[in-house]
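Please open the model in your viewer and keep the sequence panel at hand, since each stop on this tour begins with a selection.

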Amino acid sequence: MRVEGVGRNSIQGDVRFVEALEKMGGRIEWGENWIEARGPETGRLKAFDLDLNHIPDAAMTLAVAALFADGPCALRNIASWRVKETDRIAAMATELRKLGATVEEGADYLLVTAPHDFNGAPSAGHFRPVGLTVLSAPTGQTLVAIDTYDDHRMAMCFSLAAFGDVPIRINDPECVAKTFPEYFDAFGQIAAPVVAIDGPSASGKGTVAERVAERLGYHYLDSGSLYRLTALAATKAGVALDNEADVAALAITLPARFEGNRIWLADEDVTDAIRTEAMSVGASKVAVLPAVRTALLARQRAYRRFPGLVADGRDMASVVFPDAMAKLFLTASVEIRAERRYKQLMQKGMPAKIRALLEDLQERDARDSARSVAPLKQGDDAECVDTTHISIDEAVSAVLSSIQRQTALTRTI
Ligand code: C5P
């Protein structure tokens, strides 16, 4: 991570925060007007015992960093924390304990020990939530809700707890507006960058996106499967696919689960059921309904996780992740796409006729491109990869080089 605008010659006192990171094992390089930080070679942060009187505000971040350290961490000489936006010593102690840390609080110090593992050793980054877990709406995951006390630094510091193994919710995140209104956008772009891959059906984007995610070590979202699942759930419930309100209600509470390469709707494995041509057509029908698209928006965004996400669909770059670090548009001639779909279906032993597939694809392309909400089209800021005459491997390479090109240009925040 390189921070520009502060460096060796900076008179800003808080640059000395970097010395604390160095004591924790961070590898630091200084330039005239920049600082670069890398994680410790061992991959684990070391415990510290520091007088932090000279950097009281920046020191708050160290209290959260202590959750990732290999032993008890002492933050000393921080009495001024008690008379800031809130009593920061008390607030910090309360919130760290929610994640399972052991915290000793004194008039002017904090002693923070990461949650212990079963052998009694501090187990950096592995949290043990205590009470107060809530369910997150779109995914049904449990998470820890952190209170921020109308204190922007509480909100910003605790965002780092998201690197642990328990999802975090920051309550009242708007309190960052006091000094850094775009903080969480910037944080998201660094901690969970998104590669958006859009394009028409059977352009190869699913296979390519999945392989690109693997190569980058990122998570993968196949957003089309959410529309397919919605169409399947509606069909099963006997709801007409143009009944906007009822289909949207199903989309909001869709009991979908992705486990390895299997997809579940409640307790039924529907991996193959959503791939039929009937569900392809059904998906494109429910996808024209604005209320359905809105219903699926939060769910799609919830897949954005550290260390990053490759998302494929039709509106990943334009609507769902407009701040994606790289945007691609994968396409191919409709004849080649029909041929690929035919081969896919044959391999799965599903009956198909190439002529009918071609017509289906043309019809779906037309519906996807003509709809009023989030129509399928290449955005001005997306790079196009035409896969008509290239193999999957070549398409993966083309996408990876495009990501490299785009990130070299855009990763300065
Ligand atoms: O990508 P896939 O072919 O599985 O998508 C099925 C249908 O879902 C598409 O034809 C399209 O109508 C819709 N869809 C969408 N927006 C997305 C993903 C899929 O409208 N992001």
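How many bridges join strand E12 (residues 219–222) to E16, and do the two run parallel or antiparallel? Select both strands with their backbones shown, and bear in mind while looking that this is a predicted model. Four bridges join E12 to E16, and the two strands run parallel. Within this pairing, His219 is the residue to pick out, as His219 stands opposite Leu309 in E16.

Now keep E16 selected and add strand E11 (residues 194–198), which pairs with E16 in the parallel sense over five bridges. To follow this second pairing at the level of residues, label Val195, whose bridge partner in E16 is Val310.

With both neighbours in view, turn to the side chains of strand E16 itself, which covers residues 309–313 and is mostly covered, five of its five residues being buried. Leu309, Ala311 and Gly313 point one way from the strand, whereas Val310 and Asp312 point the other way, and all of them are buried.

Step back along the chain from E16 and select Pro307, which is found in the loop between helix H10 (290–301) and E16. The peptide bond that joins Phe306 and Pro307 is cis, with omega at about 5°. Most peptide bonds, by contrast, are trans.

The next selection is the ligand together with its shell. There are 18 residues around the ligand, and the closest are Arg228, Arg293, Asp315, Asp368 and Arg371. Show the side chains of three of these and check the distances: a polar side-chain atom of Asp315 lies 3.0 Å from a nitrogen atom of the ligand, while a polar side-chain atom of Asp368 lies 2.7 Å from an oxygen atom of the ligand. For Arg371, a polar side-chain atom lies 2.9 Å from an oxygen atom of the ligand. Taken alone, the ligand exposes 450 Å², and the protein buries 97% of that area.

Colour the shell by secondary structure next, and the elements that give two or more residues to the shell appear as helix H7 (223–237), helix H9 (277–286) and helix H13 (354–370). Helix H7 provides the largest share of the shell, namely four residues. If you recolour by residue class instead, the shell around the ligand divides into nine charged, five polar and four nonpolar residues.

Two loop residues deserve a separate look at their backbone angles. Select Asn77, which has its place in the loop between strand E5 (73–76) and helix H3 (88–98); the phi of Asn77 is near 60°, a positive value in a residue other than glycine. Is Asn77 buried, partly exposed or exposed? Asn77 counts as partly exposed because its relative accessible area is 32%, which falls between the 20% and 50% cut-offs.

Then move to Tyr149, in the loop between strand E9 (142–146) and helix H4 (152–159), where phi is near 55°, again a positive value in a residue other than glycine. At a relative accessibility of 33%, Tyr149 also counts as partly exposed. Most residues other than glycine have a negative phi.

Finally, zoom out and colour by domain: the domain assignment gives domain 1 (1–43), domain 2 (53–191) and domain 3 (194–412). If you place a marker at the C-alpha centre of domain 1 and another at that of domain 3, the two centres lie 41 Å apart.

Key
Residues are numbered from 1 along each chain as its sequence is written. This is a predicted model: local features need pLDDT of at least 70, side-chain atom pairs count only at pLDDT 80 or more; totals for chains, interfaces and linings use all residues. Side-chain values use heavy atoms; hydrogens and water are left out. A residue is near a molecule or strand if one of its heavy atoms lies within 4 Å of it. A polar contact is a pair of N or O atoms within 3.5 Å; within protein, one must be able to donate a hydrogen and the other to accept it, and residues adjacent in sequence count only if both atoms are side-chain atoms. Accessible areas come from the Shrake-Rupley method with a 1.4 Å probe; for residues, only the protein chains shown count as cover. Ala, Val, Leu, Ile, Met, Phe, Trp, Tyr, Cys and Pro count as nonpolar, Asp, Glu, Lys and Arg as charged, and the others, Gly among them, as polar. Buried means under 20% relative accessible area, exposed over 50%, partly exposed in between (1.4 Å probe, protein chains only). Two strands pair if DSSP finds at least two bridges between them. Domain bounds come from an automatic or database domain assignment.
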